[in-house]
Amino acid sequence: MRYFTSFCWLAAIGAAGVVHAQTFRTDINPALTYYQAFNTAPDLPRGDSDFLFTNEWRGQKLPDRFGELVSRYDNEFRLMSQAAQSKAACDWGVDFSAGPDTLLGHLARAKTAANVARLRAMWDLQHDRQADARKDLLNALALGRQVSHDGCLISVLVQFAMERIVCETIAENYNHFTPEIFGELANGLSAPPARGTIANAIPMEKTFARWFVDRTQELQAGNPGNDARVMEGLRQIFEHAMTSGDSPDTNSSWAQVMAASGGTSDGVIKLLRDMDPLYDRLQTVETLPLAQYEEQMPPLSAEIDNSTNPFVRELFPALQKLRPREFSAMADLAMTQAAVQYKLNGQAGFNSVANPIGQGPFAMQRFVFDNAGRGFELSADYAGLGYPEVFIFIEKDGPPFLVFGKNAGKAPAP
């Protein structure tokens, strides 16, 4: 009992800051530490959560209540920092054998952590704690990269969203970082774990078809000589997997499966296996640079759209539209790196960062908001999402405006 009490006392004074020098293991699977971090995140009452996450804080002097609430995440971010320094591979321990019912609850926690990092950085920068802001943002970036390592497509998309949150925070607070901190940001932006890609996630999408084949074969084994019962079981699985249950669209899709398969489970298996070469071709096209992608994707998209295989028409349309989001994410991070280098090394530093989806450096022009010069705008000469790919970096405080997206340069919605 005496030893336990002493241990708890030492832990308490360490947490209080009395013990400053500490080491921790870097050989632990970082996912385990991230899960621990998520478990320490506060469960804020609805009023506090709404106050923190639904108010527009840009351009405001943050109140003390704001600072008290973001400080409740200190333990989560301490553990995130430990996880970011781990040398072990990140394995989230996700079992994808449940197919479309696989739970990925850690993704929402990770994205929330990125949003909290943004708020904590705003608070720290208003109180001249730039190193703390830099640390939280880079740890959020590292977490974003790690969530994509399960090879799942939705995880890659969450990674893109988290990267953008970090880049947006740097752009909005560009004038509040010193050259020293910019140097640390430059190193950190170039050093996180490797980015997950759309192409790398295609094999996991391909396993969905294999999962459906496995369920079909299980039904066949359980209902020998009764293919009608097998097909009824497949209908139920299909409707559940497509998440639209008894909707007319799902019923229509199943009717197309019945017609294309000849109404047999062996026919369904053939339809599913026939998709394998198309997945492989899509993966190849998703790896191409922008110019080659824009040349080769249209004929592949036309083939997908005109396919007589109902599973292709059900599963592929969303997949073929994701690469532009990846190009956008690549450009946004590179524009942030270019802006950081511009602060550190002027035009030469800016020119040292190439546009990953174009030729040479990004375009730069001064940005004016409400008749006042507020900073500069970088553009990537790309509009794959339906609007110009730009990022605005604020050099002078004033009324808030959006720094990226289709409404970049406009005031936030009230």
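I began with Tyr342 and noted that this residue is partly exposed, with a relative accessible area of 23%, in what I keep in mind is a predicted model. Phe376, which I looked up next, is buried, with a relative accessible area of 0%.

I then asked where the rings stand when taken in pairs, and found that the structure holds 26 aromatic pairs. For Tyr279 and Phe316 I read ring centres 4.5 Å apart and planes at 40°, so I entered this pair as tilted, since an angle that is neither under 30 degrees nor over 60 falls in that class. I traced the two residues along the chain and saw that the pair links distant parts of it, with Tyr279 in helix α14 (residues 276-286) and Phe316 in helix α16 (residues 310-319), 37 residues apart. Both Tyr279 and Phe316 are buried.

I went back to Tyr342 and Phe376, whose ring centres lie 5.3 Å apart with the planes at 70°, and therefore wrote the pair down as edge-to-face. This pair, too, links distant parts of the chain: I placed Tyr342 in helix α17 (residues 323-351) and Phe376 in strand β2 (residues 372-379), 34 residues apart. Which aromatic cluster do Tyr342 and Phe376 belong to? I found them in one formed together with Tyr174, Phe177, Phe182, Phe350, Phe391, Phe393 and Phe404.

Last, I looked for charges over rings. I noted that Arg65 lies over the face of Phe51, at 4.0 Å from the ring centre, and that Arg120 lies over the face of Phe77, at 4.5 Å from the ring centre.

Key: Residues are numbered from 1 along each chain as its sequence is written. This is a predicted model: local features need pLDDT of at least 70, side-chain atom pairs count only at pLDDT 80 or more; totals for chains, interfaces and linings use all residues. Side-chain values use heavy atoms; hydrogens and water are left out. Rings of Phe, Tyr and Trp (its six-membered ring) pair if their centres lie within 6.5 Å; planes under 30 degrees apart count as stacked, over 60 as edge-to-face and the rest as tilted. Helices (H or I, at least four residues) and strands (E, at least two) are DSSP runs, numbered from the N terminus. Buried means under 20% relative accessible area, exposed over 50%, partly exposed in between (1.4 Å probe, protein chains only). A charge sits over a ring if NZ of Lys or CZ of Arg is within 6 Å of the ring centre and within 35 degrees of the ring normal.
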